[in-house]
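Reader: Please take one part of this model and describe it closely, going through what it packs against and what spaces it borders. I would like one connected account rather than a list.

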Amino acid sequence: MERWNGRVAIVTGASAGIGAAIVKNLAKAGMITVGLARRVERVEELRKDLPEEAAQRLHALKCDVSNEADIDAVFKLVEEKFGGCDVLVNNAGIMKSVNLLDVGTTADIKATLETNVLGLVLSSQRAYHSMVKRSVDGHIVHIGSVVGHIVPNYPKLNVYPASKHAVRAITETMRQEMRDAGSKIKVTSVSPGGVRTEFVDGMESWDDIPLLLPEDISQAVLYTLSTPPHVQVHEIVIKAIGETF
């Protein structure tokens, strides 16, 4: 991670779970880390968990990635204050527990796609152009899911698996576009299985399913960032031992 010391990382969905683990570890690794969240006060509270020097490197900005104006404002502010984005971790994601075929679920379906797909694409566009503008061989990481590889027989997932399948396709499309542009910017998709976060807390159907910890996913992100310039880890799939899907 030495090559990223003092460089700037933006992490979406940083208020809890996987995102919170990632921003803390990036700050401890020496990166100027900008955590984006709608609940920005929760990102600010994460400083309490960090050594003083790392806490000073963690910055919190309010952003709803389903809102393009929010994304534009945040990337502009990061450019003005820190110079630009060197690493982007697209972690923000939501799942609405409704049936796909139920009438009246339009708002939930739109919210899922706008956050999980459109917000990821818009953030990646801004990060990529920030990197190109400054001739930085940066890195974009997408936090996907194993349901982007399969569609499990699990109730009320609606378009969530479709959104995560889209993340895998977007990752490959970005890799091809970067290659064709002669860019050395990397893009990686990390697909976790079930993770013990607020996402699953209180869901009785998950009580007997083996789960990963947010730290497990954060360590995977650190690994892919730490690879040498000629190595691109295109995809990582992580499951807990004994996971059933």
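Author: An axis here is a line fitted to C-alpha atoms, taken for a helix over the stretch in contact, and the angle between two axes runs from 0 to 180 degrees between their N-to-C directions. The model is predicted, and the part chosen for the close look is helix α5, which spans residues 106-133.

Consider α5 together with helix α6, residues 160-180: their axes come within 9 Å and cross at roughly 15°. Since angles under 35 degrees count as roughly parallel, α5 is therefore roughly parallel to α6. The crossing of these two helices is right-handed. On the α5 side the contact is made by Thr112, Leu113, Asn116, Val117, Leu120, Val121, Ser124 and Tyr128, while α6 contributes Tyr160, Ser163, Lys164, Ala166, Val167, Ile170, Met174 and Met178. Sorted by class, this contact of α5 with α6 has 11 nonpolar, 4 polar and 1 charged residues.

Several of these residues return when one turns to the second largest pocket, whose lining consists of Val121, Ser124, Gln125, Tyr128, His129, Ile170, Thr173, Met174, Glu177 and Met178. Both helices take part in that lining, with α5 and α6 each supplying at least two residues. The space in the second largest pocket comes to about 220 Å³, and the residues that line this pocket divide into 5 nonpolar, 4 polar and 1 charged. Val121, Ser124 and Tyr128 of α5 thus belong to the helix contact and also to the pocket lining, as do Ile170, Met174 and Met178 of α6, which are named in the contact and in the lining.

The helix α5 also meets α4, residues 68-82, and here the axes come within 10 Å and cross at roughly 25°. By the angle rule already stated, α4 and α5 are therefore roughly parallel to each other, and α4 passes α5 in a right-handed crossing. The contact is made by Glu68, Ile71, Asp72, Phe75 and Glu79 of α4, which meet Gly119, Leu122, Ser123, Arg126, Ala127 and Lys133 of α5. In its make-up the contact of α4 with α5 has 4 nonpolar, 2 polar and 5 charged residues, whereas the contact of α5 with α6 includes 1 charged residue.

There remains an enclosed space to describe. The count comes to 1 cavity of 30 Å³ or more, and about 40 Å³ of space lies in the largest cavity. The residues lining the largest cavity are Thr12, Val65, Asn90, Asn91, Ala92, Thr115, Gly119, Leu120 and Ser123, and the largest share of them, 4 residues, comes from α5. By class this lining divides into 3 nonpolar, 6 polar and no charged residues. Within it, Gly119 and Ser123 are residues that α5 also brings to its contact with α4, and Leu120 is one that α5 also brings to its contact with α6.

Taken together, α5 crosses α6 at roughly 15° and α4 at roughly 25°, with a right-handed crossing in the case of α6 and likewise in the case of α4; in addition, α5 helps to line the second largest pocket and supplies the largest share of the lining of the largest cavity.

Conventions
Residues are numbered from 1 along each chain as its sequence is written. This is a predicted model: local features need pLDDT of at least 70, side-chain atom pairs count only at pLDDT 80 or more; totals for chains, interfaces and linings use all residues. Side-chain values use heavy atoms; hydrogens and water are left out. Angles under 35 degrees count as roughly parallel, over 145 as roughly antiparallel, 65 to 115 as roughly perpendicular and the rest as oblique. A crossing is left-handed if the near helix is turned anticlockwise from the far one by less than a right angle, and right-handed if clockwise. Contact means heavy atoms within 4.5 Å. Ala, Val, Leu, Ile, Met, Phe, Trp, Tyr, Cys and Pro count as nonpolar, Asp, Glu, Lys and Arg as charged, and the others, Gly among them, as polar. On a 1 Å grid over the protein atoms alone, a cavity is a set of points where a 1.4 Å probe fits but cannot get out, and a pocket is an open set with protein on both sides within 12 Å along at least five of seven lines; lining residues have an atom within 4 Å of a point. Grid points are joined across faces, edges and corners, and a volume is the space filled by probe spheres set on the points.
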